[in-house]
Amino acid sequence: MSSKRNRWAPGFSFLLLCSCCMSSARNANALLELSPQEYFSSLRPGKASLVYFSHDVSPGVSPFLEQIESSVEPLQDYGISVVKVNCPKEDVSRYCGKQNTLLKAYLFRGNILLREFPTDALFNVNAIVANVLFALLFNEVKYIASPVDHQNLENSLKGRLNVVFAYVPAIGTAEHRAVMETAFVYGTAHQFILTTEVLLLKSVSTEDTDGLSAQLFFCHCKRVMDPTQPCRRTPMEQPLSTLNIHKYLKLMEAPIVTEVAADPEKVSTVHLQLGLPLVFILSQKETYEADRRTAEFVAWQLLGRAGVALLARDSLGLNVLLQSNVALKTAEEGVPIKYLVLEDTDEIIALVENKLKGEQFQEYEEEEDEEEKENSDKGEAVSLATLQSYVEVAMELKGTSGVSLARVNCWDWPGVCAKQNVTQFPVVKIYEKGERPLTYSGMLGTEDLLRFIMLSRVSCPLKLASVAAVEGYLRGELLAELSPYHTTSVLGLFTPSMKEAREAFIEAGAILKGYITTGLYYGDDALVLSSKYNVPLPALLFARHEERSIDPVLLSRLTPQEIAQTIRYQLLETFPEITVENLPTYWSLGRPLLILFSDSDLGPRDRNEMLRLGRGSDREAFLACWLNLQRTPVGLGILKAYFSTPPPLPLLAWVNLHAGGEVFAFPPDQPVTQSNVLSWLEKCRAGLQLPSTTLSDAPWTPPLPAYNFLRMMESTLPEFTLHTAYGRGDPTGPRQAEAAEEKAPVREEQAEEPRAEAEKGPPPGRDLRGTVPRLVGRERHVKRHAEL
């Protein structure tokens with residue numbers, strides 16, 4: 001593979017990965033001061049800024065300006081700039097001319113005003129950060145005032161998302177800031193709920209509370225499939241700080257029970273990494289089910305305080321007493337595992353609680369160290385996953401001539417990143433001698449990165465000197481080394497006199513570089529090729545190598561952007577398989593979706609009928625597509641949103657997302673044929689069919705401007721070329737990021753929600769009958785745990 005690449009490698013190129021935060025890339029403590037004209041001309045779409053419009057500053061405003069200046073650095077960590085606008089006396093514009101300007105600060109996203117804040121609400125740095133993030137995270141953090149609203153929201157999330165419920169005595173406190181900073185990182189993984197109502201807190205908490213201290217609960221709603229069952233709640237026992245909440249959510253996301261078939265000395269889990277003990281329940285084949293229930297019960301009792309693992313002693317030959325049924329591993333290095341003989345689960349819980357009470361967990365000695373760790377944790381959300389993909393790409397390209405991969409930590413090299421205009425992270429750039437830097441804006445998985453690197457090494461467009469070179473290019477022979485990375489070659493065909501159109505095509509090629517391959521021919525024989533492919537010039541030829549077809553397209557729009565858009569559109573498939581990666585492209589077409597849901601690859605009959613629909617005269621009125629639930633599991637959640645009880649698969653649905661939001665299901669008793677489907681669609685359009693559901697018309701917005709990946713990709717969009725580098729039959733798709741450090745083989749499973757007991761007496765799994773016979777004559781009072 002590498003020898004083939006070396007034949008056409010360019011002289012020099014390398015990648016720059018900026019994988020950590022940019023907080024030190026600027027003068028973090030400086031409050032930017034601008035004139036009104038300078039400020040409004042500097043606004044960028046999606047960029048958030050907190051601004052204070054100032055006239056002659058009075059002594060009463062000075063304390064507020066001090067707090068605003070102190071908030072510059074923490075807000076920059078979230079991509080939010082802080083600006084003081086100095087208004088001239090004669091300025092009578094909307095903001096500078098207001099009489100109460102000195103009493104307010106304004107939050108903008110681009111040039112859109114999101115919120116006005118009274119200056120007395122921004123009384124310190126905590127209040128500033130908390131209020132600004134609260135305004136920006138309006139989708140991720142829902143403010144709830146009543147128990148009824150809270151219950152309705154939880155009910156809507158059952159089976160889909162877990163809930164993080166936070167009570168703070170007042171808005172703008174340090175605890176409020178901690179919740180908002182955590183929601184910034186975890187807001188897409190969990191639904192955050194915030195309240196200041198003591199009555200609502202009392203409806204959630206099982207303990208008496210006076211409402212003076214902030215509290216947080218993790219509500220396990222995702223595992224509740226029965227809408228009549230409540231969400232189990234686990235309280236956070238530590239004070240509400242950003243670092244504590246971060247650790248707490250890591251524990252809540254960990255598997256309830258870990259199954260281990262390895263030397264327990266080599267086992268590492270998130271609990272041990274966070275300084276908490278790990279309890280092993282020793283099991284054997286004969287008592288596996290009882291031991292599993294015991295482990296699950298203990299795990300729920302110790303959730304957030306210790307981990308629980310089920311250790312199969314049969315396969316290990318452990319050199320321990322046969323009577324031992326429990327082992328305890330602590331986070332201290334060099335401390336051996338303790339093997340114990342315990343009689344019931346109460347003793348396990350007491351053992352762990354005593355252990356925790358007897359230990360003094362190490363805290364950070366200085367607040368600056370804690371803040372640095374928190375800032376670092378936020379950048380792990382994306383940068384570490386990208387770094388893993390980047391490392392895999394480096395291993396794939398090892399030994400390839402002309403390619404050098406490097407990474408830069410912007411925390412250590414702020415000046416380098418600032419000079420390269422790195423304003424968000426992670427960023428991947430390609431540098432080639434004599435060329436302007438090329439920034440990658442596609443998906444951050446291994447396959448997509450590798451594909452971008454390989455395609456970017458070829459001139460775009462590739463200038464072809466003869467008809468023979470054109471034919472070789474269209475057959476895929478000229479760039480045969482790139483065949484694993486693209487399936488369609490695009491050729492621009494012009495006469496020598498079409499200089500303006502040719503230059504526009506060259507600029508379009510620069511826009512698309514790294515995402516597709518383009519060729520250019522404008523020789524004297526261009527008219528011969530025009531006649532052969534029956535298309536007037538200027539024109540584009542699309543050589544689809546898998547289908548062995550060449551499709552001509554008349555080039556009627558001659559600006560670089562229009563040419564690039566034409567190429568993107570022509571690369572769309574007739575009957576695509578919808579995936580997470582390509583959905584934004586097809587969504588942007590604005591057409592209703594005629595989507596066939598399947599739990600496997602389509603049979604020839606269904607595929608042929610859907611292809612006929614996609615190629616028919618009505619093809620511009622809708623998009624015929626399909627979704628494989630095996631390769632795209634999120635489709636199951638989509639089905640649940642469309643139908644209260646999903647019908648059997650395969651299922652054909654008409655989804656009018658862009659107008660009305662109606663969802664119709666094709667009658668299951670009719671075969672999927674072109675004539676049947678078109679007749680059914682006419683009835684749907686005429687209102688003769690009842691929709692299965694009507695989707696909400698609420699706007700779909702990103703959690704933050706920095707997370708607006710669709711807008712980022714929309715600026716170039718070439719990565720949405722849907723003839724992907726990996727085959728349609730590949731069930732794995734892009735490789736997933738793996739842990740960077742070597743660990744013992746551990747199989748982790750999420751435990752099912754324990755059922756409430758239906759009869760009196762001890763619930764199953766309460767006694768330790770796994771490897772030790774139950775002692776005769778010893779009775780203990782067993783508490784019921786149906787509330788779990």
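With which residue does arginine 631 form a salt bridge? In this predicted model, the partner of arginine 631 is aspartate 601, and the closest N and O atoms of the two are 2.8 Å apart. Arginine 631 lies in the loop between β26 (623-628) and α23 (634-642), while aspartate 601 lies in the loop between β25 (593-598) and α22 (604-615), so the pair ties together parts that are 30 residues apart in sequence. Aspartate 601 has a relative accessible area of 46% and is therefore partly exposed, since this class runs between 20% and 50%.

The structure holds 16 salt bridges, and two further examples may be described. In one of them, the side chains of arginine 292 and glutamate 259 meet with an N to O distance of 2.6 Å. Because arginine 292 belongs to helix α11 and glutamate 259 to strand β12 (residues 257-260), this salt bridge ties together parts that are 33 residues apart in sequence. Both arginine 292 and glutamate 259 are buried. Salt bridges that share partners also bring in Glu296, joining Glu259, Arg292 and Glu296 into one network. In the other example, the side chains of glutamate 432 and lysine 513 meet in a salt bridge with an N to O distance of 3.7 Å. Glutamate 432 is found in strand β18 (residues 427-432) and lysine 513 in the loop between α18 (499-512) and β22 (517-521), so that parts 81 residues apart in sequence are tied together by the pair. Lysine 513 has a relative accessibility of 15% and therefore counts as buried, the limit being under 20%.

Helix α11 (residues 288-301) also contains aspartate 291, whose relative accessibility of 1% places this residue among those counted as buried. The side chain of aspartate 291 makes a polar contact with the side chain of serine 283, at 2.9 Å.

The nonpolar residues were examined next. The largest nonpolar core has 70 residues, and those with the most contacts inside this core are Val132, Leu216 and Val279. Helix α5 (residues 125-136) supplies the largest share of the core, namely 8 residues. A second, separate core has 34 residues, including Ile430, Phe452, Leu482 and Leu491. When residues up to four places away in sequence are not counted, leucine 216 touches Val164, Phe165, Ala166, Val179, Thr234, Pro235, Met236, Leu240, Ile245 and Tyr248.

Helix α16 (residues 446-456) is mostly covered, as 9 of its 11 residues are buried. The buried residues of α16 are Thr446, Leu449, Leu450, Arg451, Phe452, Ile453, Met454, Leu455 and Ser456. One of them, Phe452, is also included in the second core.

Glycine 492 lies in strand β21 (residues 488-493) and is buried, with a relative accessible area of 0%. Not counting residues up to four places away in sequence, glycine 492 touches Phe505, Gly519, Leu520, Tyr521, Ala539 and Leu540. The C-alpha atoms of glycine 492 and phenylalanine 542 are separated by 9.2 Å, although these two residues are 50 residues apart along the chain.

Cysteine residues were considered last. The structure holds 2 disulfides. One disulfide joins cysteine 87 to cysteine 96, with an S to S distance of 2.0 Å, and the link is left-handed, with -70 degrees about the S-S bond. Cysteine 87 is buried, with a relative accessible area of 9%, and cysteine 96 is likewise buried, with a relative accessible area of 2%. A disulfide also joins cysteine 221 to cysteine 231, with an S to S distance of 2.2 Å, and here the link is right-handed, with 120 degrees about the S-S bond. Cysteine 221 and cysteine 231 both lie in the loop between β10 (215-220) and β11 (232-235), 10 residues apart. Cysteine 221 counts as buried at 0% relative accessibility, and cysteine 231 is buried with a relative accessible area of 6%. Two further cysteines can be added to this description: cysteine 460 counts as buried at 11% relative accessibility, and cysteine 625 is buried with a relative accessible area of 0%.

Notes:
Residues numbered from 1 in each chain as written. Predicted model: local features only at pLDDT ≥ 70, side-chain atom pairs only at ≥ 80, totals over all residues. Heavy atoms only, no water. Core = buried A, V, L, I, M, F, W, Y, C linked by side-chain atoms within 4.5 Å. Buried < 20%, exposed > 50% of the residue type's maximum accessible area, 1.4 Å probe, protein only. Helix = DSSP H or I, 4+ residues; strand = E, 2+ residues; numbered from the N terminus. Contact = heavy atoms within 4.5 Å. Polar contact = N/O pair within 3.5 Å; in protein donor to acceptor, adjacent residues only side chain to side chain. Salt bridge = Lys/Arg side-chain N within 4 Å of Asp/Glu carboxyl O. Disulfide = S-S within 2.5 Å.
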